[in-house]
Amino acid sequence: MCLAVPGKIIQIYMRDTMRMCKADFGGITREACIETLPEAKEGDYIIVHAGFALNILSPEEAEATLQALEELSSLEEQIRSEDALS
Amino acid sequence: MRYTSEFRDKTLIQGILKEIRRTVSQRWVIMEICGGQTHAILRYGLDQLLPPEVELVHGPGCPVCVTPLELVDKAISIATLPEVIFTSYGDMLRVPGSSQDLFSARGAGAQVKVVYSPLDAVEIAKNNPDKQVVFFAIGFETTAPANVSSVLQAKALGIKNYSILSSMVRVPPAMHAILGAPHNRVQGFLAAGHVCTVMGYWEYPPIAEQYHVPITVTGFEPLDLLQGIYMTLQQLEAGQYQTQNAYTRAVTYEGNRSAQALITQTLEPCDRQWRGIGLIPMSGWKLREEYRDFDAEHRFRVSHIQTKESEVCISGLILQGIKKPNQCPAFRTLCTPENPLGATMVSSEGACSAYFRYSRDQEDIQDHATRSERF
Ligand code: SF4
């Protein structure tokens, strides 16, 4: 139920009173309501649940997380090689 | 897909698992609140990759599972009224009521339609002006904005034949209930990432302080989950209890303020029964007075509901993290996804269905220590 999936906004429009968009979810296009994300623009990745966009995903934060995880892995290797030396 | 596959990288998973093993010095019990996380953990076998000292217990964050029996029965009675088209998220159809489920009510002639979004239910109301369209508005904070948007949309369009049966619930009161229970085992929480995309995590520091438990906002991919677990373990080992965010690409401290504003505009907190758990004070949301016309409980005065819960189902204990699904005597024998005795076996987020689907039988768990040494 609370599953939400990332999709890329390809088109923004109004439906009745709601600000809506078409978003691409890995090749499948679906409609999502972006009423609470006035700053959302085409090309942004949004996280969508029950046809409703919850938030815009931050590419910088995604990059920073992956970077930190990579450092963690290499830190581990570094310690292991130090262990092997001692 | 972007923001998905990168967070399933094998090398990085192995890296963080090694770090986790290095960090842990004693037994810890961590609860993931969200049922979506339970499924991801079992699907990727993370429970079996973690060192045996780390026990994950599964929380009540499955809205389908905690929707009270009385409301399921009410939904079925409303759905069987001849003037009603009853709409719902698909997961609710097979949830057992006292004597039947929505699916069998449909078989017996009730008009029950599955919708992907509540805005679709408003569309159905618009196209069927001679019918009463009711939407079963279940869900946590993740789903509340979508649910209430449908009410605002119906109001704006002057649609009078639309109402919602509200079973919306909030996470923080449930965390209080779990941590305050005398038999509580939970020492750290993975907070539900998608709830936090909407709500942020400003509600959690007081809980962490009060009960001395670290809380980490956590996402749904394997690396997200392991990072959440790692950050929680680091705090546990250091004797700290802060609220941290391991899902920064989707969650900010404040959350989506304009979605929160939609919620507070339309809903107010109320006491709510959680199926199998009981009443949790101020854990629910109901429509405010000015939206009363859109409240199905107000519109259809259904009374004489006599609830009767299955006698064997222990889903309440499972939802509180006290028991595991494979400790239920009915698991996989009397109770299966085709023939569910409890909602936790139905929902795609229910712990029982996850254990069934990813084969976590009793022997698998006992084998845990030997298994995790393999990696
Ligand atoms: S296995 Fe079935 S009967 Fe047992 S707790 Fe889960 S849902 Fe209830």
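Reader: Before we start, what counts as nonpolar, charged or polar here?

Author: Ala, Val, Leu, Ile, Met, Phe, Trp, Tyr, Cys and Pro count as nonpolar, Asp, Glu, Lys and Arg as charged, and the others, Gly among them, as polar. Also, keep in mind that this is a predicted model.

Reader: Cool. How many cavities of 30 Å³ or more does it hold?

Author: Two. The largest has a volume of about 80 Å³, and the second largest has about 30 Å³.

Reader: Which residues line the second largest one?

Author: Its lining is made up of B:Gly35, B:Thr38, B:Gly59, B:Cys62, B:Leu319, B:Thr344, B:Glu349, B:Gly350 and B:Ala351. That splits into three nonpolar, five polar and one charged.

Reader: And what's the split for the largest cavity?

Author: There you get 11 nonpolar, three polar and no charged residues.

Reader: Okay, switching to helices. At what angle do helix 1 and helix 12 of chain B cross?

Author: Roughly 15°, with their axes coming within 10 Å. Helix 1 covers residues 10-23 and helix 12 covers residues 222-238.

Reader: So are those two roughly parallel or roughly antiparallel?

Author: Angles under 35 degrees count as roughly parallel, so helix 1 and helix 12 of chain B are roughly parallel to each other.

Reader: Is the crossing left-handed or right-handed?

Author: Left-handed. Residues making the contact include B:Leu12, B:Ile16 and B:Glu19 of helix 1, and B:Leu226, B:Tyr230 and B:Glu237 of helix 12.

Reader: What kinds of residues make up that contact?

Author: The residues of this contact divide into 11 nonpolar, three polar and two charged.

Note on methods
Residues are numbered from 1 along each chain as its sequence is written. Chains are lettered from A and ligands numbered from 1 in the order in which they are written. This is a predicted model: local features need pLDDT of at least 70, side-chain atom pairs count only at pLDDT 80 or more; totals for chains, interfaces and linings use all residues. Side-chain values use heavy atoms; hydrogens and water are left out. On a 1 Å grid over the protein atoms alone, a cavity is a set of points where a 1.4 Å probe fits but cannot get out, and a pocket is an open set with protein on both sides within 12 Å along at least five of seven lines; lining residues have an atom within 4 Å of a point. Grid points are joined across faces, edges and corners, and a volume is the space filled by probe spheres set on the points. Axes are lines fitted to C-alpha atoms, for helices over the stretch in contact, and angles run from 0 to 180 degrees between N-to-C directions. Helices (H or I, at least four residues) and strands (E, at least two) are DSSP runs, numbered from the N terminus. Angles under 35 degrees count as roughly parallel, over 145 as roughly antiparallel, 65 to 115 as roughly perpendicular and the rest as oblique. A crossing is left-handed if the near helix is turned anticlockwise from the far one by less than a right angle, and right-handed if clockwise. Contact means heavy atoms within 4.5 Å.
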